[in-house]
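Hi,

Here is the model I promised to pass on. Have a look at it first, and my notes follow underneath.

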Amino acid sequence: MLQSDYTTSQLDVLEAEAIHIMREVAAEFERPCLLFSGGKDSIVMLRIAEKAFWPAPIPFPLMHVDTGHNFSDVIEFRDRRVAELNARLVVASVQSSIDAGRVVEETGRRASRNRLQTTTLLDAIEEHEFDAVFGGARRDEEKARAKERVFSFRDDFGQWDPKNQRPELWNLYNARIRKGEHIRVFPLSNWTELDIWDYIRREGIEIPSIYFAHTRKVFERDGMLLADDDVVNRDEEELVFETVVRYRTVGDMTCTGAVQSNAATVEEIIAEIAATRITERGATRADDRTSEAAMEDRKKEGYF
Amino acid sequence: MDILRFATAGSVDDGKSTLIGRLLFDSKAIFEDQLEAVERTSRDRGTEYTDLSLLTDGLRAEREQGITIDVAYRYFATPKRKFIIADTPGHIQYTRNMVTGASTADLAIVLIDARKGVVEQSRRHAFLTTLLRVPHLVLAVNKMDLVDYSQERFEEIREEFTSFAAKLNVSDLTFIPISALHGDNVVSRSENMPWYQGTSLLHHLEHLHIASDRNLVDVRFPVQYVIRPQRATDPAFHDYRGYAGQVAGGVLKPGDEVMHLPSGLTTRVAAIDTFDGPLEEAFAPMSVTLRLEDDIDISRGDMICRPNNQPQVAQDLDAMVCWMSDNMKLGPRSKLVIKHTTRTARALVRDLHYRLDVNTLHRDESAPALGLNEIGRVSLRVTQPLFVDDYARNRLTGGFILIDEATNGTVGAGMIVDAR
């Protein structure tokens, strides 16, 4: 880590910044929680939380918003990691929100529970009285996220107001809120997709198997490869075929596409990403394709 | 590979978006789907060229109005370095956003249109850069293609700006003649300006030495969080007590004699702990956990320093404040929350000495208050002692934010110039 001329590598700078942010939250909020989906960004975030408080355990619970349409090996990975850390996991279930009549299941070919997650997430934040919620979002992912603060204020309704954000200077974060409001905190704001993978390699962190090349039954929609699964509605003309793919992002099966790839190791994934000409959300997320401001609109409602 | 954070200020007219677009494009940080989206939007709007500002202007309101409202962060990397760009709006009504972007920047690029020369806006940007103590300033004289790549014109601008900069505290100033549109001197040296002996802009960004910009002299460790494992699985950690924080200055080593503030008690560093094992030294911006040899009552907001090199312990501060609130003004008797390092207190404004005209640097001593985007020198009385340095000496122990207790909004940014 150390060099005689006091330079610090980019991963060390990013890690130090993220640790500082986590400790700031632990010191200033009463009931933080960390969103953990089993995806690569939240896996990195969890490792940073481990580092920030070592040798003490992570001083807040984890939360997963489960659409019920997640990849099974990601859920297994999630539970294994939680057990290893002896952490507390809150699972907020979209199915329960549907059963309780809080949201209505979408129908049709493009039915997805992606948007329904917002209600489930906000209900859980309210129920558990969480005042700070860590998310693994990065500014390089999407243009609305490029504008978002590290400490991002949410009002009583969980809404983000992009035109009225608190200025954020130096490493001083404003943690003041009223009861019922909360702050979304993004410790990985300044990381890029490549930084995440470089860090996974450097730290030797385990990730779910679907990130690596595997044979899968898929069908094509809008230039994306969606998994053939009971929860993904499909037309007869959308033909299923078997090919070698991997996932670049991990989300709900109904809106997360796979990419054709033979990358079977972290090193091969890094080489692939360094050469790619398409962003990860552009390649794999149907939810961002509905309009130019799709992410901004969902974030205003309280999305991740 | 290390990181360089730089801020750019300006409007579309200066060619700022074109410059950023070119840096991102030539370093392959713009992706095909992003470019397609920008091309599609440009076409839909009837723009004849691909408007690269659509890449950075991420909010709906910004795209609708065709202006940059807020700071956008962009990322690119070359084999030499990773870069974080804080792309800030240039207009005077967005001074607070430029101040925000400059607060963490290692370098700032101020763009000048070669045809217009040094204008009010360039002077304001340069002033804000030096107020925020951005260590390196690059004057990019853009649109050289429109003045026939004239050395004479470039030298005129250089002389005019140099005489203005003499009034500012600029530590490192570099002039580079460029054409962002044609790529002259952006990534590689231009053949159109053989008279220019310097490096290209990207070469300058890649090779600038920034490690020594940090304060490696004055040990400053604001205590952020106390780590006491309550249910440690390993009995070895049962009595563990560590002080977690991010080093704000100096170099700490095990065995060093250190002083705790506010108590003034001295002890030694027993160990510098991290998850990955103990360290032999720690310096900014590392996040570490210190263990000390003696049991001292230490909590968040306290400071660890060296006995022979202490910050000021002060309740009376003089600071340059940039006011950021659009619904209240800052004047004598204003009461606010102040957050400085890891310590939060309340502050009372005792005096507003002057308001600074950021265009002319004229000091208006009769100003009754500071409004949105205005900058002035104020005296504050704080309810509990802060451990401060002059901002010029250390940006992390010399900067603070002001918070409005009624709205909880961040309404001011301060840079300490004097403390008692």
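Let me start with chain B, where the domain assignment gives domain 1 (2-213), domain 2 (221-305) and domain 3 (312-419); domain bounds here come from an automatic or database domain assignment. Before going further: this is a predicted model, so local features need pLDDT of at least 70 and side-chain atom pairs count only at pLDDT 80 or more, while totals for chains, interfaces and linings use all residues. Residues are numbered from 1 along each chain as its sequence is written, and chains are lettered from A and ligands numbered from 1 in the order in which they are written.

Domain 1 and domain 3 of chain B have their C-alpha centres 29 Å apart. Between them, 14 residues of domain 1 of chain B are in contact with 13 residues of domain 3 of chain B (contact: C-beta atoms, placed from the backbone, within 7 Å). On the domain 1 side, α5 (95-102) and α6 (120-131) of chain B each supply at least two residues, and α6(B) gives the largest share, with 6 residues. Helices (H or I, at least four residues) and strands (E, at least two) are DSSP runs, numbered from the N terminus. By type, that side of domain 1 of chain B splits into 5 nonpolar, 3 polar and 6 charged residues. For the classes, Ala, Val, Leu, Ile, Met, Phe, Trp, Tyr, Cys and Pro count as nonpolar, Asp, Glu, Lys and Arg as charged, and the others, Gly among them, as polar.

As for the whole of chain B, its secondary structure comes to 9 helices and 22 strands. The C-alpha atoms fill a box of roughly 70 × 55 × 40 Å along the principal axes. The radius of gyration of chain B is 24 Å, which agrees with the value near 22 Å for a compact globule of 420 residues (taken over C-alpha atoms; the globule rule is 2.2 Å times the number of residues to the power 0.38). Buried residues make up 49% of the 420. A residue is buried if 20 or more other C-beta atoms lie within 10 Å of its own, exposed if 12 or fewer, and partly exposed in between, with C-beta atoms placed from the backbone. Of the contacts in chain B with a separation of 6 or more, 69% are between residues 24 or more positions apart.

Chain B also has an open sheet of 7 strands, in the order β7-β15-β11-β12-β14-β9-β8, with antiparallel pairing (two strands pair if DSSP finds at least two bridges between them). β7 (221-222) and β8 (225-227) of chain B are the edge strands: each has a single partner strand, so one side of each has no neighbour in the sheet. At the β7(B) edge, 2 bridges join that strand to the antiparallel β15 (residues 303-305) of chain B, and B:P222 has B:M303 as its bridge partner there.

Now a few backbone details. Most residues other than glycine have a negative phi, and most peptide bonds are trans. These are worth a look in that light:

- B:L261 to B:P262 is a cis peptide bond, with omega near 15 degrees; B:P262 sits in the loop between β11 (257-261) and β12 (266-273) of chain B.
- B:A284 to B:P285 is cis too, with omega near 0 degrees, and B:P285 is in the loop between β13 (282-283) and β14 (287-292) of chain B.
- B:N185 has a positive phi, near 60 degrees. It is in the loop between β6 (173-177) and α8 (201-207) of chain B, and B:N185 counts as buried because 27 other C-beta atoms lie within 10 Å.
- B:N373 has a positive phi, near 70 degrees, and its place is the loop between β19 (363-364) and β20 (375-388) of chain B. With 20 C-beta neighbours inside 10 Å, B:N373 is buried.

On to chain A, which is divided into domain 1 (10-195 + 293-301) and domain 2 (209-288). Their C-alpha centres lie 23 Å apart, and the contact takes 22 residues from domain 1 and 18 residues from domain 2 of chain A.

Finally, the two chains meet: 52 residues of chain A are in contact with 56 residues of chain B. On the chain A side, the largest share, 10 residues, comes from α1(A).

Cheers
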